[in-house]
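Dear colleague,

I am passing on a structure that I have been reading through, and I would be glad if you kept it open beside this message. My notes follow below it.

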Amino acid sequence: MTTTDAGTDGTTETAPATPAPAPKTAPQGDPNAVTDHDRGIHGYAHQKDAHLKRLRRIEGQIRGLQRMLEEDVYCIDILTQVSASTKGLQSFGLQLLEEHLRHCVADAAVHGPEAIDAKVQEATKAIERMLRT
């Protein structure tokens, strides 16, 4: 493949194009490598405070449901609160799943294809459980 450049005097020059870099082969992994996950550092560690805050908010919504029942609040209003609480838990679960994929599955890549496959299968089963609810 060649490229053509126009000169300032109106002439053209043909120069060879820069070759594309050779494709990189997938790393085989180091089964002895030590990752954050091996040290017990989970994907949510960097967001732990935010997650705890979010779960406390959801806990408050659940306590609100109890209070609504005690105060004989209209059924539809309670169902609206149930929906909000459920949405909050689902959102939290999706965030945790994303962090798992970014951290734990990525860490497994260091150990090689078998470790990646195991983590992907684990995540797939977790997604299946989430979809059943």
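In which helix does histidine 51 lie? Before the answer, please bear in mind that this is a predicted model. Histidine 51 lies in helix H1, which covers residues 48-70.

**The chain as a whole**

The protein chain contains three helices and two strands, and along the sequence these elements follow the pattern β-β-α-α-α. Of the 133 residues in the protein chain, 20% are buried. Among the contacts with a separation of 6 or more, 55% are between residues 24 or more positions apart. The accessible surface of the chain comes to about 10,300 Å², and carbon and sulfur atoms account for 57% of that surface.

**Helix H1 and the loop after it**

To return to histidine 51, its relative accessible area is 7%, and because anything under 20% counts as buried, this residue is classed as buried. Leaving aside residues up to four places away in sequence, histidine 51 touches Tyr44, Phe92, Gln95, Leu96 and Glu99. The buried residues of H1 are His51, Ile58, Gln61, Gly64, Leu65 and Met68, and these buried residues pack against H2. As for the length of H1, its 23 residues should span 33 Å at 1.5 Å a residue, and the end C-alpha atoms are 33 Å apart, so the expected span and the model agree.

Just after H1 comes aspartate 72, with a positive phi of about 55°, a value it takes although it is not a glycine. Aspartate 72 is placed in the loop between H1 and H2, and with a relative accessible area of 70% it is exposed.

**Helix H2**

Helix H2 runs over residues 75-111, and its 37 residues should span 54 Å at 1.5 Å a residue; the end C-alpha atoms are 53 Å apart, which agrees with that expectation. When you follow this helix by eye, please look also at histidine 100, where H2 bends by about 30°.

Alanine 106 also has its place in helix H2. Its relative accessible area is 39%, and because values between the 20% and 50% limits are called partly exposed, alanine 106 falls into that class. Between the C-alpha atoms of alanine 106 and lysine 119, which are 13 residues apart along the chain, the separation is 9.1 Å.

**How H2 and H3 are arranged**

Just after H2, glycine 112 takes a positive phi of about 115°. Helix H3 covers residues 113-132, and the axes of H2 and H3 come within 8 Å and cross at roughly 170°. Since angles over 145 degrees count as roughly antiparallel, H2 and H3 are therefore roughly antiparallel to each other.

Which residues of H2 meet residues of H3? On the H2 side they are Gln90, Gly93, Leu94, Leu97, His100, Leu101, Cys104, Val105, Ala108, Ala109 and His111. On the H3 side they are Ala115, Ile116, Lys119, Val120, Glu122, Ala123, Ile127 and Met130. Histidine 100, at which H2 bends by about 30°, is thus among the H2 residues that meet H3, and lysine 119, whose C-alpha atom is separated by 9.1 Å from that of alanine 106, is among the H3 residues that meet H2.

With kind regards

How values were computed. Residues are numbered from 1 along each chain as its sequence is written. This is a predicted model: local features need pLDDT of at least 70, side-chain atom pairs count only at pLDDT 80 or more; totals for chains, interfaces and linings use all residues. Side-chain values use heavy atoms; hydrogens and water are left out. Helices (H or I, at least four residues) and strands (E, at least two) are DSSP runs, numbered from the N terminus. Buried means under 20% relative accessible area, exposed over 50%, partly exposed in between (1.4 Å probe, protein chains only). Contact means heavy atoms within 4.5 Å. Accessible areas come from the Shrake-Rupley method with a 1.4 Å probe; for residues, only the protein chains shown count as cover. The expected span of a helix is 1.5 Å times one less than its number of residues. The bend at a residue is the angle between axes fitted to the seven residues ending there and the seven starting there. Axes are lines fitted to C-alpha atoms, for helices over the stretch in contact, and angles run from 0 to 180 degrees between N-to-C directions. Angles under 35 degrees count as roughly parallel, over 145 as roughly antiparallel, 65 to 115 as roughly perpendicular and the rest as oblique.
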